[in-house]
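Open the model in your viewer and keep the selection box at hand. The tour below goes stop by stop.

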Amino acid sequence: MLCVEVSFAVNYAVMQSSATQGAFAIINNERGATMTIRIYDTQARAKREFVPVNPGKVGMYCCGPTVYNYIHIGNARTFISFDVIRRYLIWRGFEVTFVQNVTDVDDKIIKKANEEGRSAAEVAQEYTQAFIEDMRAAGVMDPDVRPKATEEIDGMIALVQDLIDSGHAYESQGDVYFAVRTFPEYGKLSHRNIDEMEGGHRELRADGQGLEDRKRDPLDFAVWKAAKPGEPSWESPWGPGRPGWHIECSVMSRKYVGKTLDIHGGGADLAFPHHENEIAQSEAASGMAFTNYWMHGGMLQINSEKMSKSLGNFLLLRDVLKQVEPATLRMLMLQTQYRSPLDYSADRLAEAKASLERIENLIDRLDWVIANPVEGEGSLDLAALQAQMDAVRAGFVESMDDDFNTAGALGSIFTFVGEVNAAVGTSSLTPAEARAAQAARETLVELMGVFGITVGDQKGETYPVEVLALAKEVAGYEGESTVAAVEALLEARAAARKEKNWAVADAVRNGLGELGLLIQDTPQGAKVTFK
Ligand code: AMP
Ligand code: ZN
């Protein structure tokens, strides 16, 4: 293992960010200590301090989908987890290279194409495009490189040839197999012993079913498959054929990230045999460590049951996003740390929605008081607010540094939301207090942005311009501030209600409703939120 023992510490005070989320804010670490990220490495079965191969840079590879159908929300859970990990590393100041392949040649694609009387290429193209659309709809950043297996065949043939030349692979009737016993460390990721696998590991056998006679050892797996009639194929030194699934990732990760990856990700179901086979191929060929940190995400379950077509609880991401805001889906997922199994249910969606609303309502309230400062003594404890802002950042970083504990990081954010809610209340702020409130708002927007969730933008600091006309008609308001117009409307409504003039009260509620605004009556008085 290429595992450097020197600690690479990130000093928050000097850290700069190329983050898309805006300027990186300096973290005040009261203890004056530097802190490091710790990642649970499947191979080590422990959290290890993160030390990238090149200081300040991270090379990440996350296995992509096999494109024979729309992706389901289980796939989405894994992809969203790695999106958040990537975003956090960027925010922490690392230069991240993120590569995700598309498996666009595979038995399942060929089967689907035959069933539908189409070519495998057509099927793959349709679902690759759908995958890209679905990922964007879920707020997942495009990878830096998204290589397709069918466009990298030359590299795969070259790697297979290397493995044959070095005695790690052999040709047999047009297939090429990796000779597992030539790689004594086989099994080190999933902690399996080669001798215990002997004679028929089901998953491995599945790779070469019916082809046992072609293999020298039942453990061996295909790196190249001879063409069968009617299947897509490419010319190779072993005759026409197509690559095995595992060889793809070895080739594409090496080409676009490097021989040693900092982080290799995927769902837990990929650790064996897929990732074990990637290690064998890559390390046998390069003689170098393939991946320094193996990260595996937990499986998504529906109402605590495995998601499967036969149970009838199989949900496609695109169908879910017809009913659920992407931010709500992400919020649900973030409430569980990436490594644990994740339970998807209507109740958890409702909780996630309510959590987001708490943040949005606070931002609404902040926007209101920021837009309407008044001169005076002021009652906000500015030092306490500053301490709360420092604490939310420190808590967020501490949790995320601890193996990307998004649940813990959200805990810090909600503590902060509660504190700011209590501090700001409904009273007006002085201009200096309004500036502090603005900083609190920016903190929330920035930290939620690291999760790929945009808060506070649709609700902005102003209301739709049409409220001016409504306020003029109903409340006689003549000014140009939409915030003041809404205030005038609420005052007019309050007065009308006192006089039991329901027509005017209803005109305000309905007029605002048509503009997408909702009046909420709270103990502190009426307030307007966006629907
Ligand atoms: P596949 O197309 O089956 O190779 O899956 C693409 C990615 O989704 C892989 O990283 C899988 O580990 C992951 N995945 C598949 N099913 C689930 C699930 N139920 N929960 C979480 N991740 C999953
Ligand atoms: Zn892979």
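In which sense do strand β9 and β10 pair, and over how many bridges? Select residues 261–267 for β9. Then add 291–297 for β10. The two strands pair in the parallel sense, over 6 bridges. Bear in mind that this is a predicted model.

**Stop 1: one bridge**

Pick Gly 267. Its bridge partner in β10 is Gly 297. Keep Gly 267 in your selection, as this glycine returns at the ligand.

**Stop 2: the four-stranded sheet**

Widen the view to take in β3 (57–62) and β4 (95–99). With β9 and β10, these strands form an open sheet in the order β4-β3-β9-β10. The pairing is parallel. Look at the edges next. β4 and β10 each have a single partner strand, so one side of each is left without a neighbour in the sheet. Turn the sheet to see its twist, which averages 20° from one strand to the next.

**Stop 3: the helix across the sheet**

Select residues 73–91. This is helix α1, and it lies across β3, β4, β9 and β10. Check its direction against β3: α1 runs at about 175° to that strand.

**Stop 4: ligand 1**

Now centre on ligand 1 and show its surroundings. There are 14 residues around it. The closest are Asn 75, Thr 78, Gly 267, Asp 269 and Leu 300. Which element gives the largest share of this shell? Helix α1 does, with 4 residues. Both α1 and β9 supply at least two residues each. Colour the shell by residue type: it divides into 5 nonpolar, 8 polar and 1 charged.

Next, draw these distances:

- Thr 66: a backbone N or O atom lies 3.2 Å from an oxygen atom of ligand 1.
- Asn 75: a polar side-chain atom lies 3.0 Å from an oxygen atom of the ligand.
- Leu 300: a polar backbone atom is 2.8 Å from a nitrogen atom of ligand 1.

Switch on the surface as well. On its own, ligand 1 has 490 Å² of accessible area, and the protein covers 87% of it.

**Stop 5: the three-stranded sheet**

Stay with Leu 300 and follow its backbone. It belongs to strand β11, residues 300–302. In β13, the bridge partner of Leu 300 is Leu 342. β11 and β13 run parallel and are joined by 3 bridges. Add β12 to complete an open sheet of 3 strands, in the order β12-β11-β13. Here the pairing is mixed. The edge strands are β12 (305–306) and β13 (342–344), each pairing on one side only. Then select residues 326–334. This is helix α10, which packs on the sheet and touches β11 and β13. Its direction makes about 140° with that of β13.

**Stop 6: two backbone details**

Go to Phe 272 and Pro 273. A cis peptide bond joins them, with omega about 0°. Pro 273 is found in helix α8, residues 271–286.

Finish at His 191. What is its phi? The angle is near 55°, a positive value in a residue other than glycine. Where does His 191 sit? Look in the loop between β6 (175–178) and α5 (194–197).

How values were computed
Residues numbered from 1 in each chain as written. Chains lettered and ligands numbered in written order. Predicted model: local features only at pLDDT ≥ 70, side-chain atom pairs only at ≥ 80, totals over all residues. Heavy atoms only, no water. Pairing = 2+ DSSP bridges. Axes fitted to C-alpha atoms, helices over the stretch in contact; angles between N-to-C directions. Contact = heavy atoms within 4.5 Å. Near = heavy atom within 4 Å. Polar contact = N/O pair within 3.5 Å; in protein donor to acceptor, adjacent residues only side chain to side chain. Areas by Shrake-Rupley, 256 points an atom, 1.4 Å probe, with all protein chains shown as cover. Nonpolar A, V, L, I, M, F, W, Y, C, P; charged D, E, K, R; others polar.
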